[in-house]
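Reader: Hello! I am new to protein structures, and I would like a close look at one part of this one. Could you walk me through it slowly?

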Amino acid sequence: MSEQLLQQLVNGLLIGFMYALIAIGLTLIWGVMNIVNFAHGDFLMLGMFTSFWLYTLYGLDPILSIPFCTALLFVIGVLIYRFVVSKVMSGPMLAQLVVTFGVSIFISNLAVYLWTPDFRLISKPLLSGTWVIGEVQLSIPKTVASIGSVIVSLFVFLFLKKAKTGKAILATEMDREAALLMGVNTERINSFSFGMGAALVGIAGAFLSTYYYIYPQVGGTFGLIAFCVVALGGFGSIEGAFIAGILVGLAQTLGGFFFDPAYKYAIVFMIYLITVWIRPQGLLGW
Amino acid sequence: MGRKEDKMGTKKLWVAVFAFLLVLFLSVSVYAQTKVIKIGAVYPLTGNIASTGLDCKRGAELAVDIINGKYDLNLPLAKVEGLPNLGGAKIELVFADTKGEPKNGMSETERLISEEKVVAIIGAYQSSVTKTASQATERLKVPYVCSDSSSPTLTERGFQYFFRVSPHDGIFARDQFQFLKDLEKKTGQKVSTIALLYENTEFGSNVGKEATRYAKEFGYKIVADVSYAANATDVTSEVGALIKAKPDVLMHASYITDAILFTKTFKEMNFAPKGIMTFAGYIEPAYLPAVKSDGNHIIIRSTFALDLAKGKPLVGQVNELFKKKYGLDMSENAARSFAAPFVLADAINRAKSTKSDDIVKALLTTDIPGDQMIYPWKGIKFDPKTHQNIYAQGTLVQVQDEKYVTVWPFEAAAKAVIWPFPGWKGRK
Amino acid sequence: MRNISLKQILSGVIAFVLVMIFPLVIKNTFAQHVMILFFMFGMMGVAWNIMGGYAGMFSFGQVAFFGIGAYTSSFLLITYHVNPWIGLVVGGLVAALVGAAIGYPCSNLRGHYFAIASIAFGEIVRTHFNNWKLIGAAEGLSLPMLSEGFKNFMFHSSKLPYYYIMFAFLLISLLVCYLISTSKMGYYFRAIKESHDVAKVLGINVVWYRLVAIMISAFLTAMAGTFYAQYVLYIDPESVMLLPISVQVVLISMLGGAGSVMGPVIGAVILIPISEFTRVWLGHKGTGVDMLIYGFLITLISVYQPKGVWGLFMNLGKRTK
C-alpha cells in the first residue's frame, strides 16, 4: 500500500509541475492586465500542434521544438493582444471576460478546420520510457517536463526581478498608474506580457505533447484547471501559481486515489472554493 | 448627388445577387426532387467525437453507393441499381450534425423528417443522442434503424418504430465472460477476479452495469469498479486504484482518447493483469497508429474485423471498395454504420412503399441471411417485441503485431489468443 | 426605464403579436424549435442578468441551476409520479436553496474570482450528478411518454403548446426583471454592483441582497431546466450540466446588453439562430466552420460593441475610462 502511496505522490508532483508551467503564463497576463485569458488552453493546444507538425514534417523532436513554440506563440500572443484584447481594455469587465472566450472558440475551431478533429500522438519522442527507482515508476517524458517547468519558472521569476522589462512588468502589475507616471510604457508592457504568457504556455505545450494526445479541443480541461490554479495561487503571483500548481496536482492524484477517481476534478474545484472563501485573494496574491 | 447614385447602384447589385441566389437555390431543390428516397443520418460530425462521426458517415455512404449502383457482390440490392420494386429509385442520405448533443439529436431528426422529408432515420452512434433522436421518430411515427449504438436500454423502451441491428453492450459484456469460461475449458487457465474501468457517461456506465450483472451470473468477483471522465488530463489515480485491487482481468469501456491515455499509463505504471479486455475506444482507427506496439495483446469486443475475410471473402471485397473510395481500411465503426442502409433499403423494397407503417411492417419480417452481410452473424431478424436483431453477437479481437485478429469464438478465430497478457517489457 | 415612450410600447405590441402568430403561419418545425430555444435561452439570459448585469455577480455556472431544475422535476415525475408543474416549482426552490448555500460563502468574491468560483460550482455539481446513482448517474433520466396534455406538460403531435408555454415563461422572467429594475431592490443591486463598500455605507445589507439576486436567478433558470426536460424527454449530465451552456447564457446577455431588461432577449435573438443555422448549413461537413463564425462574431461584438446591441439602441454613449 505504501508503495502505491509513494507512486501516487510522485505522479501528483509530476502532473503538478505541468499545471504550474501552464498556470504561470496565465497568471502573468491576469496580473498585468486583469484579463482572464480564456483562450489560454487553446494557446497550449497551439503549442502542442506546433511540436506535432515540426515532428511529423521535419522529424524535429518535441524538446528541440521548444524555441520554435516559444517564438511562434509569443508572436501570436502579441498579435492577439494588439488586434483584439487591447481594444477591450477600456471597456466593461464583461466584455473583457467574454472577448477571450470568442478568441478561444475561434482558435479551437480553426484548428478543427485546418487539421481535422482527429487525435494525434507523437509516437517516438527522444525521451520516452520509464525510470524505475525502487518501487516507483517515473515516466521519463513527465519527469523531463517537470524539470523543464522548474527551469522555466525560475527563469521567469528571475526575469521579473532582475531584467529591466521584467521589473517594468512587475511594476505595472502592482500599480498601473504609478508605473505610468514612472515612465513605463504600459501598452508595450501589456503587449509583451500577453506574448510572454502565450509563449510560456507554448513551451508547456511542447512538453505536454511528448506524452499526451493532441487534438483541437485539448485546451479545455487543462485551461479550466489552470484557472483554478491561478486563482488559488493568487492572481499575478508567479510563486503562487507555481505552488498552487503542485498542490492541485497532488490534490487531484491523491484525492482521486484515496477517495474516488471519478471525483478528482471535483476535489480540485472544492479546494479552490474553500481556499477562496477563507482567503479571497488566493494563497500568495495581493 | 454622387452618393445617392452610388446607393442606387449598390441596391441594384444586391437585388441582382439575391435574385440569382434565389434562382440557384430553387433550381437545386427542384433538381433534388427527382426519383430519390431520402434517408436521414444523424451523426456527431463536429465536436469532440467528430472523427468517429465521420467514420460512421463513410460506412453509411459506401452502403448507399452499393445499393444505388450495380455491383457483383452478395449484398442485398447490390446487383441491381437502386430499389427494383420502386422503379429503380435511388437512396439519398441526408446528413445532419448532432455535435454529440442529445437535444440536437432530437431537433435534427425532426428537421430531417419535416423539412427534408426523409422516410427513415439512421444513426447516431452515441447512445444518449440515439435516445432523443428515436424519441422524436417514435413521436412522429417514422422508422429508425440503428446499427451503431450499443446501449441496451435503447431496445428496452417498447418503441414501435425503433430497430437495432447491432449487438448491445449487454451482449458484448456477456461475450467477454463467455470467452473467459471457454478459455478455462480449452486451456485450463482460470480467472476469478475482475476489475471494471469505464468512462462515466451513458455508454461506459451501462457497460459497467451489464458487466456487473454478468459477472455475478458467471460467478466472477468484481474487485474494483472505477469510473472516470473521458477527457481526463491524467489517469494515474485510476490506474493506482486498479493496481491496488490486483485483478486477474481488467474490463475497460472507453472512447478513443481515454484508450490512448490509459494504454500509456498502464505501461508507465506497469499494470499487467492476465487480460485486458476492452470495449469501443481501442478499436477506433486512430488507436493503433497512436500507440503502435503498446496496443499489442489487448482484447477488444467487435462486430467486425478485416480477417473475417478469410472465412468470408465478401468482407475483403467490401473493404477493397472502401479503400478505393476513402484510402483507408474499413474500421469497426464504419462497418457497423454500413448495415443500417441495407436493412432499410431491403425493407422499403419489399414493402414497395415509403410509408412509415409499411416500412415498419416490412422491417418486422426482415430476414437477411448471414452470408449476405459482412458480420459474423447468422443473419438479421428482429425480435417482434424489442426489435433487437436476435442474431446479433460480438466477437473478440486481439491486437497482434499491431493488427486486429479475431480470436473468439474459437471456431471462428483466425489465430489463437495470446493469454495471459505478456506484460509491457520489451515493447519497442 | 420609467418613461416608456409610445414608440416602445407600440413596437412591443407588434413584436408580441408577431411572436404569437409566428407558429401558426410558419409550420416549419425546425424554425419553431429555434424559436423555442430562443425563448429558453432568452429566459436564462434574463435570469442571469438579474444576478450578473444588475447585481454584478458574473456567474458562469448557471447550468447547475438549469440541471437541478431539470433533474428535480424529472426525478419526482419518474419516481413519485409528481405532476411536472409541481415539480417545476420544487425544482426552482431547490435551485434557489442550493444557490443561496453556495452564494453565502462566496459573498466576498467579486469579478474574476466569482466567475471562476461559479465555474467550479457548476463543475462540482455536474461531477456529483454524473456519479449519483439515485438519479441515474451518467445514464441520465428518460421521461415517460405520458398522454399529451397541459396537465402532463407533454405534447407529442405539435410543438405549438411548447412554444407558447416557453414564451409565457420568458414573459414572466421579463416581468420579474422589469419589476426588480424599477424597484428599490434594483437600486440596491446596482449599488452593490458599483461597490460593496459604498452600498454598505448606504445601509444596504450586501450579503442578503446578493443572496436574493442569486435565488431569483436560480429559480428562473431552474424553470427553464424543467421545461427542457419536458421538451426533450431525456436528460443526462452531459446535456443539462455542461459548461458551454453557462457560457452561452453569459454571451447572450453580454451581446444584447447586460444590465438592461430586454438586453438578453436581443442577444438570444441574434446568437441562437446563428448557432443553430450555421450548424445546419455548415456543420454537416464536419469542418467546424459554424463555430468559427460564432467565435469570430463573439470576438467582434466584444470589441466593437461591448455594451451590446441594446446599448446601441439606447444610445447610451461609450463609457470612457
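Reader: Which residues does A:C228 touch, not counting residues up to four places away in sequence?

Author: Happy to help! Before the details, please keep in mind that this is a predicted model, where local features need pLDDT of at least 70 and side-chain atom pairs count only at pLDDT 80 or more, while totals for chains, interfaces and linings use all residues. Residues are numbered from 1 along each chain as its sequence is written, and chains are lettered from A and ligands numbered from 1 in the order in which they are written.

Now to your residue. Leaving out residues up to four places away in sequence, A:C228 touches A:V248, A:V268, A:F269, A:Y272, C:I116 and C:A120. Two residues are in contact if their C-beta atoms, placed from the backbone, lie within 7 Å.

A:C228 also belongs to a wider group. In the largest nonpolar core, which has 353 residues, A:A23, A:C228, A:V229 and C:M40 touch the most other members. A nonpolar core is a set of buried Ala, Val, Leu, Ile, Met, Phe, Trp, Tyr and Cys residues joined through C-beta atoms within 7 Å. This core also draws at least three residues from each of domain 1 (36–167 + 310–380) and domain 2 (171–302 + 395–408) of chain B; the domain bounds come from an automatic or database domain assignment. As background, nonpolar side chains tend to be buried together in soluble globular proteins.

Next, the meeting of the two chains. The contact takes 37 residues from chain A and 38 residues from chain C. On the chain A side, helix 3 (66–88), helix 4 (93–115), helix 9 (219–233) and helix 11 (264–278) each give two or more residues. Helices (H or I, at least four residues) and strands (E, at least two) are DSSP runs, numbered from the N terminus. Helix 4 of chain A provides the largest share of that side, 15 residues. By class, the side of chain A that touches chain C has 32 nonpolar, four polar and one charged residues. Here Ala, Val, Leu, Ile, Met, Phe, Trp, Tyr, Cys and Pro count as nonpolar, Asp, Glu, Lys and Arg as charged, and the others, Gly among them, as polar.

Helix 10 (residues 238–258) of chain A is worth a look too. Of its 21 residues, 16 are buried, so helix 10 of chain A is largely enclosed by the rest of the structure. A residue is buried if 20 or more other C-beta atoms lie within 10 Å of its own, exposed if 12 or fewer, and partly exposed in between, with C-beta atoms placed from the backbone. At 1.5 Å a residue, helix 10 of chain A should span 30 Å, and its end C-alpha atoms are 30 Å apart, which agrees; the expected span is 1.5 Å times one less than the number of residues.

Stepping back, chain A has eleven helices and two strands. Of its 286 residues, 61% count as buried. The C-alpha trace of chain A spans about 60 × 50 × 35 Å along its principal axes. In chain A, residues 24 or more positions apart account for 78% of the contacts with a separation of 6 or more.

Its partner, chain C, has 14 helices and two strands. Of the 321 residues of chain C, 57% count as buried. Along the principal axes, the C-alpha atoms of chain C fill a box of roughly 55 × 45 × 40 Å.
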